[in-house]
Structure formats: C-alpha cells, structure tokens
Amino acid sequence: MCGIVGIVGTSNVAGQLYDGLTVLQHRGQDAAGIATANGTRLRVHKGNGLVRDVFDEARMSMLRGHVGIAHVRYPTAGSAGMDEAQPFYVNSPYGIALAHNGNLINTEALRQQVFEADRRNINTDSDSEVLLNVFAYELDAQRMLTPEAAIRAVAGVHRRCKGGYAVVSLVLGLGLVAFRDPHGIRPLVLGKRQTEAGEEYIVASESVALDVLGFARVRDIAPGEALVITNDGQLHSEVCATATKMSPCIFEYVYFARPDSMIDNVSVHKARMRMGTKLGEKILRLKPDHDIDTIIPIPDTSRDVALEMSNVLGVKYREGFVKNRYVGRTFIMPGQGERVKSVRRKLNPIHLEFRNRVVLLVDDSIVRGTTSQQIVQMARDAGARKVYLASAAPPVRHPNVYGIDMPAAEELVAHGRSVEEIEQHLGCDWLIYQDLEDLEAAVREGNPALTQFDSSCFNGEYVTGIEPGYFRRIQQLRNDGAKQKREG
C-alpha cells in the first residue's frame, strides 16, 4: 500500500505536497519522494525513511514548480531498497515522472513486452517502473502532446496492465495526468480550490489530504478514468477503459484508510462504526448471556468498532493499551522477527483495566496472528480472568494481490484452520469474526451504488482473474524468508 498526491497550483507546490504526504504517512513508511516541474525542468528528490527524514529545507527549496506529484511507499513483493523509491522518471518522450499505488499482476509479461517490443529498459524490480514505461510508450505512439493524446495513452495502459492501480504522473509540457484501474480497486479522489490567482486542483489517495490543504472534495476518480490537468489549470477527463466495474478494496475501510477520510463517497469513520454495530449484534445472537465486563480496542483502527460494540452490548468501553507513537505499524514490518519485537515496544497494558475482568479485545483484522497472540498474552499477564478477541473483518485466508503486502497463504493464521483452531492458536477464550456479508453491508450502507467489492483476501475471489502459477511466484517473493534473503 502506498499514498500518492498530485497538485496543479498557481505557485510553488512542494510545501503542499510535503504536507499532503505527512497525512498519508500511515500508507507507507519505507520511502518518500516528490517531483515538481518548472517549465521544461523536472526536479526529483526521494529517499528511504519517513517524510520528515527524507526532506529538509535545502531539498525542499530545490523543488520549484507549480505542478508536482508525491509518494509514500511501503514495499510489497519488491525490495525495500533506495532504487525502489518513487516517483520514477523517464526522459522519453518529453520527460515523465510517475508515482503509483497498487500492484500489477501481469508484471513479468509486461516487463518482457516493454523490453522486446517497446524497446525500453527497466532498471528495478518495481512494477511501478514497468507501468511508467508502458504509459511512456503509449504516449510516444500518439505523436503529439495534448490532453486527448494523454487520455488515449492511458487507454493503452488499461488495455495492457492488469491489477489494482491509482496513478499520478507529471508530463513536461502538459501537466498532471492521473488515472485509476478499471475496477477502482485502489482509491483516488479529486479536489479543487479557488485562489486569487486562479483555480488549483489536487488528486490524492485519501480525502484527508484535501482537508488538510484546504481543498474541497469534488469527487472520486471513476474506475478506468483518465484525468488530465494542464499546466494552465484546464481539466479534461474521460473514462477510457473498455469494461469497468467499481470494486473498491474493502480492506481500505477495515484497516488502511484514516477514519477522517471519505473513499468512494463512504465515510471510513461511519463504516467502522457500522462494523461495530454488526459485530455486536452477532455476539448477542451467539451469546445473549455473555459475561463480558469490559470492551478494549487494540489501538488505533479498531476504536470506532469497539465503541459501537459497547453501545450494542451495553458493556463499558475502556482504553486498556497505551500506544507508543514512534513505532511503525507492525502489519507493515518486513520480517516476522521485527514484528514480534515491535508489538511489545508498541503497546503497553493499563493493568487496572484488565485485573480480574472478562475482557473483549477488539481488533480491525487478524492477518498473521503474531500480534494478536502476544496481545492476548499481555491481557492475561495484566490479570484478565478471561480474554475474548473480536475481529472487525472475516478470517484472512488468501493473499492480497492488488497492493497490500499480505504474505503467502501459508503464513496467514486463518489459512487451513477452522475458527476453533485459530482460537486455540491465538490462546484466547473465545474468538469472534465479522461475517463477510455484514462487513460489505456496513460499507455499502454509506453508498448503495457500491454493489461489488474486492474482498479477495477473505473469499479468494479476484476481480481481475488470476493467471496460473501467479500465487506460486508471489509466495516466493512475499514469504518472510525470501524478504530476509533480499534484504541481507
């Protein structure tokens, strides 16, 4: 998962791009980068680390221009090296910088096409660089540089690229080009504001970036849509994919997005509240005479869920863990050993909230189970009489292939296990999962037009289809052993 921002302004935009990245930092902590265009000069700075560590005053002053794009990254199947940081850049045709959130599932076939047929070279393992070169080739084939030509080039990208992707690109001599995959798997939102000098536009992964920078949210980019905002602020848009079907990633609402964001006209905050209502109702159906004394969220994402469960169950809500804000999200940690160490560094229990109580811990989801296992034990060590665990999401039984670094299926705690077996593995007294139908209904209630989701990590149904042998390849790339070998 990554975060992207693109701005066409009336003055230098680097500072705004920086601020936009800081509120999207939760989407990636591995690397950050900004590219700006000033006439025919394109400037790029990127590096590994948090936004605040990659940029300083000297580097920011170098990034001049009223059009720019920016990116925060965490690695999926690729390595976490400096050469994977975005935006990527090619100088032909015209000069193009591109940043990408998502994952292509036909990267290897595209890589071969780009080299053998398009006669373009790929220098990294990143599918984003492949996508950039496909776009560059398709734009070059238009033999002109106009908004219409850029839209036709994006149509070529849609024909060739398969997977989940949201893209911002900067084309010298034209402006900003943004587009979203034909299924709308990865989010992208358009914003606008009026200044004394004229209209300014922004596209970003989440609407929270618009809020912080003072842009009004206009709409979400449609599946298969290409958006061109010229250097002089003229907006052109067209849905240029031949077959589109809105299927947003439901895990955005469960875990990744900030609660103060709107994604595809759904409030993430309200969606999580509805998840809590439905999960509370499920508990009442299963155990109307439950003995829960206290509901405690595992911070931060599950707070909205836990609060609504408290209301439904009539059980007091308490904060039972103090979070260290200076430790990254353990789900994003690259190796199992690092994740294990980080849980104890990240959370510390408030013993008074656990002592002699039956506690219901609430989490947004359970992926590998390592974190959940340790937190359950923390609750026992703090004196809990019984420890129940509720997940706002169904069991994660399948890898995500559209840009979320879920591991090989064999490393998922729910893979090949029944709920009772997972319960035993995690060491809790009772494990309650959200039903998929309830999860999808909780999100859909915010926007009834969302008739289909990418829920593949729960049900194994991939909206783009999957080619034979794909899972074997990603297993080799994504398991912890392979990652440690690459990083070593």
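**View 1. Strand 8 and strand 12, side by side.** Strand 8 (residues 175-180) and strand 12 (residues 225-230) run antiparallel and are joined by five bridges; strands here are DSSP runs of E with at least two residues, helices are runs of H or I with at least four, and both are numbered from the N terminus. Look for alanine 178, which sits opposite leucine 227 of strand 12. This is a predicted model, with local features needing pLDDT of at least 70 and side-chain atom pairs counting only at pLDDT 80 or more, while totals for chains, interfaces and linings use all residues. Residues are numbered from 1 along each chain as its sequence is written, and side-chain values use heavy atoms, leaving out hydrogens and water.

**View 2. The open six-stranded sheet.** The strand order is 5-6-7-8-12-13, with antiparallel pairing (two strands pair if DSSP finds at least two bridges between them). Strand 5 (88-90) and strand 13 (235-239) each have a single partner, so one side of each of these edge strands lacks a neighbour in the sheet. From one strand to the next, the twist averages 15° (angles run from 0 to 180 degrees between N-to-C directions, with axes fitted to C-alpha atoms, for helices over the stretch in contact).

**View 3. Helices on the sheet.** Helix 5 (residues 127-140) packs on the sheet and touches strand 5, strand 6 (96-104), strand 7 (163-171) and strand 8; contact means heavy atoms within 4.5 Å. The direction of helix 5 makes about 125° with that of strand 6. Helix 6 (residues 147-160) lies across strands 7, 8, 12 and 13, at about 150° to strand 12.
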